[in-house]
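Colleague: Please choose one part of this model and take me through it closely, setting it afterwards beside other parts of the structure. I would like one connected account rather than a list.

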Amino acid sequence: MSDHASGPRAVADPVVDITDMYVFPSPERPGILVLVLNVFPSAPAGALFSDAVDYRFRVRPAVIASSGAAAAFAVSEDEYTFNCRFAAPREGGTGGQLVQEGTCTASTGQVVSVRVNDEQGGQAEGLRVFAGARMDPFFFDGMRAVQTIMTQKLAFAKPGNNTNFGQNCLSMVIELEVATVFGAKNSPLFAVVGETMRAGSITIRLERFGRPEVKNVILFPKGFDAVNRDLEIRDLYNQEDAFKLGPSYLGAYRARMNANLPFYDRLDGKTDWPLDANGTHPLTELLLADFMVVDVAKPLADHSFLEIERMMLKGVTHETCGGRWLNDDSMDILLTTLVNAGNGPPVSIGIGQATIPATRSFPYVVPPNPNPPPAGRPHA
Amino acid sequence: MTPALKCGATIASTGAAVDREFVTTAGVIALVNLQAQIDGQERQLRAGRLTTPGRVELVDLVSLRGQVLGRISDYERAEELAEQLVDDAPGSGLAFLARARARARFHRFAEALADLDVAQRLGADPAVLDAERAATFQAIGRYDDALALHREAVERRADLNSLGAMATLYAERGEIAAAERFFEESRERYRGVSPFPLAFLDFQRGLMWLAHGDLHQARVWLADAYRRLPYYAAAAGHLAEIEAALGDTEAALDQLRSLATSSDDPDYATSLARILREEGRAEEAHEWRVKAATRYEELIARHAAAFADHAAEFWLEAGADPQRALWLAQKNVEVRQTPRAYELLRHAAQASGGAAAV
């Protein structure tokens with residue numbers, strides 16, 4: 001599951017659990033960048049945001065520093081933040097329902113007030129914000145993924161079973177006018193991270209999200225890691241600043257990636273990602289720079305997910321916006337990249353789309369399912 | 001059990017010693033989300049669509065609600081769900097773990113330990129099982145066994161849960177300084193925003209000071225637990241008793257009336273009857289005494305082991321039937337050989353005019 005339940009802390013308190021992040025240019029309005037942060041896996045009807053959490057996006061200008069085998073981004077120290085904080089609810093909704101209000105504050109000065117579940121959202125100069133219950137757009141065959149790890153053989157089937165079928169989550173959607181909010185001086189590439197932070201004077205990073213499945217697919221399996229075979233590494237990883245990993249556990253993250261990435265590469269029986277003399281996988285450093293990169297000057301396309309990174313590795317110029325569109329089949333793209341580097345037939349999870357695909361207009365993520373099935377239950 | 005209030009120390013402002021900046025989700029949000037999760041899972045269960053892990057989660061969620069709201073009916077529901085789960089999934093270690101927790105709630109300690117052994121054979125996480133074993137050992141007075149397992153847990157991972165377990169063990173053994181050290185360290189290790197773990201920890205710390213007779217410290221920690229979780233019945237009940245002990249009787253009575261009406265736990269009616277009797281309000285005291293007695297009879301008939309200690313205390317004080325108290329105190333010692341259980345037995349024996357064989 002993309003980032004659902006990505007560590008003991010997230011499992012213990014779903015209201016802080018980031019399930020996904022999507023970053024894409026608006027499909028219909030040029031010059032608009034859309035940021036989506038989803039939390040609370042399988043959110044039940046009536047679920048509320050925490051008032052003790054800052055739900056935030058961090059956005060930094062970036063450039064491609066190098067291409068080819070040593071592909072890497074250079075990320076600016078300049079940072080834009082969009083911080084959503086919610087209040088304790090009050091009575092006043094129809095039928096005695098609780099009403100929750102929130103405020104999204106941009107580092108550029110805009111403050112947007114939103115009422116949770118109001119589809120119109122709130123607006124300020126260059127910003128529009130929605131917050132509320134939505135249907136979770138992620139789709140994946142979690143059972144087959146586990147089977148793949150257990151048997152060390154690709155176990156996906158066609159059709160697959162979407163273990164996230166019909167589930168809901170809590171979404172924050174921010175539309176921002178790039179020229180108004182970021183100005184014209186930046187390059188068109190931006191690196192984006194989603195975070196949940198404990199609010200107050202003693203802040204703690206609870207969860208972070210850069211790319212899907214870095215934690216649950218790439219870092220979670222322990223069995224291949226000869227260095228830290230017993231370490232549940234995800235909570236440590238979640239606490240890190242994505243733009244500046246601390247030195248304490250960097251070796252552990254590298255070791256885990258260098259152990260697990262070759263496992264995925266071996267799944268088709270051949271090696272597409274030869275390790276270097278130090279045993280380093282070619283994707284390790286690129287993935288450890290765990291943020292989502294979007295090019296606001298390039299068009300949105302289906303399957304734009306990871307396109308910038310994939311083209312960097314090939315040493316050619318990307319053609320799409322990269323980032324991640326809500327309807328991207330991001331798991332097919334990720335698995336294909338890990339297993340055969342795009343040198344072989346696409347690896348498919350056999351699903352193809354979300355329970356109900358996203359719309360092309362604000363707030364993009366579709367309304368919540370009023371009668372969701374049990375979480376984690378396979379559904380064709 | 002409600003520890004006796006031994007002194008009337010002057011109380012400073014409520015919660016003043018507690019770090020107000022340690023932010024957690026508002027209690028109302030946490031409870032709304034908990035209730036929403038339970039409602040959703042119960043709907044799936046009724047539709048026959050809930051998986052085994054989902055059913056285990058439901059047992060835990062319902063138990064959690066019971067712990068917060070002081071609802072014995074929730075514990076009964078959790079036990080019912082767990083029993084059914086084991087019947088339906090006899091090969092699941094998680095199912096036996098869930099049933100062990102549910103049984104321990106009702107002081108069915110031997111059965112709970114047996115369930116944990118089965119869960120281990122079925123592959124459940126040994127660290128989780130050891131945490132449950134340690135809690136059970138502690139509950140029945142096997143403190144050395146509990147301490148060994150708690151220490152292993154701390155060595156494995158020193159967090160709020162493992163350090164908090166050490167704190168409550170030392171608190172129960174009356175080693176206040178050591179307990180305080182672990183309570184403090186446990187608190188400092190907390191990295192979440194859910195109010196439940198911190199409120200439960202602070203509640204235990206408050207109980208320790210209450211048992212030790214320091215109302216000031218007890219009030220600080222109980223008030224913090226109550227501030228984080230405004231629906232936390234047990235914290236509200238003990239706070240009301242402290243208020244009464246300090247002379248704010250009317251506020252205490254208001255709070256206890258509210259709790260005694262909303263909760264199905266007779267503890268609050270017991271406290272209410274006792275305070276009203278001390279205030280010379282015999283008629284109202286009698287009403288609450290009868291309600292508590294009736295409810296204790298129901299609970300003893302269904303869960304004798306679980307309510308023997310509380311019921312014995314009731315019959316010793318507000319219930320005014322020391323012979324019945326003695327019988328219940330003996331029942332209590334049969335299932336848990338803790339210092340407090342023996343103390344209760346001695347007290348009941350003295351009140352009934354004889355000496356208990358302890």
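**A helix at the contact between the chains**

Modeller: In this predicted model, helix H1 (27–46) of chain B has 20 residues, which at 1.5 Å a residue should span 28 Å, and because its end C-alpha atoms are 28 Å apart, the expectation and the model agree. Buried positions occur along H1(B), beginning with Gly27(B), Ile29(B), Ala30(B), Leu31(B) and Asn33(B), and continuing with Gln37(B), Gly40(B), Gln41(B) and Gln44(B). It helps to recall here that an α-helix has 3.6 residues a turn, so residues three or four places apart point the same way. The cover over the buried residues of H1(B) includes H2, helix H10 (195–212) and helix H11 (215–228), which belong to chain B. Beyond its end, H1(B) is followed by Gly48(B), whose phi is positive, near 70°.

H1(B) also matters for the contact between the two chains, to which chain B contributes 24 residues and chain A contributes 28 residues. On the chain B side, helix H1 (27–46) and helix H2 (52–69) each supply at least two residues, and H1(B) gives the most, with nine residues. Sorted by class, the side of chain B that touches chain A comprises ten nonpolar, ten polar and four charged residues.

One residue of chain A lets us look at this region in detail. Pro374(A), which lies in the segment after helix H9 (330–340) of chain A, touches Gln44(B), Arg49(B), Leu50(B), Thr51(B) and Gly54(B). Gln44(B) has already appeared as one of the buried residues of H1(B). Pro374(A) is buried as well, because 22 other C-beta atoms lie within 10 Å of its own, the cut-off for that class being 20 or more. Within its own chain, the C-alpha atom of Pro374(A) is separated by 9.3 Å from that of Asn164(A), although the two residues are 210 residues apart along the chain.

Another helix of chain B offers a parallel to H1(B). Helix H12 (residues 233–245) of chain B has 13 residues and should therefore span 18 Å at 1.5 Å a residue, and its end C-alpha atoms are indeed 18 Å apart. In H12(B), 13 of the 13 residues are buried, so H12(B) is largely enclosed by the rest of the structure. A glycine with positive phi follows here too, namely Gly247(B), with a value near 105°.

Elsewhere in chain B, helix H6 (residues 126–139) and helix H7 (residues 143–156) show how two helices of this chain meet, their axes coming within 8 Å and crossing at roughly 150°. The crossing of H6(B) with H7(B) is left-handed. Among the residues that meet are Ala131(B), Ala134(B) and Phe137(B) from H6(B), and Ala146(B), Leu149(B) and Ala153(B) from H7(B). The residues of this contact divide into eight nonpolar, two polar and five charged.

Chain A, finally, contains an open sheet of five strands in the order S1-S2-S12-S11-S10, paired in the antiparallel sense. Its edges are strand S1 (18–25) and strand S10 (122–124) of chain A, each of which pairs on one side only, and neighbouring strands are turned by 15° against each other on average, direction ignored. At one of these edges, S10(A) pairs with strand S11 (residues 127–135) of chain A over three bridges, and Gln123(A) has Arg128(A) in S11(A) as its bridge partner.

Note on methods: Residues are numbered from 1 along each chain as its sequence is written. Chains are lettered from A and ligands numbered from 1 in the order in which they are written. This is a predicted model: local features need pLDDT of at least 70, side-chain atom pairs count only at pLDDT 80 or more; totals for chains, interfaces and linings use all residues. Two strands pair if DSSP finds at least two bridges between them. Helices (H or I, at least four residues) and strands (E, at least two) are DSSP runs, numbered from the N terminus. Axes are lines fitted to C-alpha atoms, for helices over the stretch in contact, and angles run from 0 to 180 degrees between N-to-C directions. A crossing is left-handed if the near helix is turned anticlockwise from the far one by less than a right angle, and right-handed if clockwise. Two residues are in contact if their C-beta atoms, placed from the backbone, lie within 7 Å. Ala, Val, Leu, Ile, Met, Phe, Trp, Tyr, Cys and Pro count as nonpolar, Asp, Glu, Lys and Arg as charged, and the others, Gly among them, as polar. The expected span of a helix is 1.5 Å times one less than its number of residues. A residue is buried if 20 or more other C-beta atoms lie within 10 Å of its own, exposed if 12 or fewer, and partly exposed in between; C-beta atoms are placed from the backbone.
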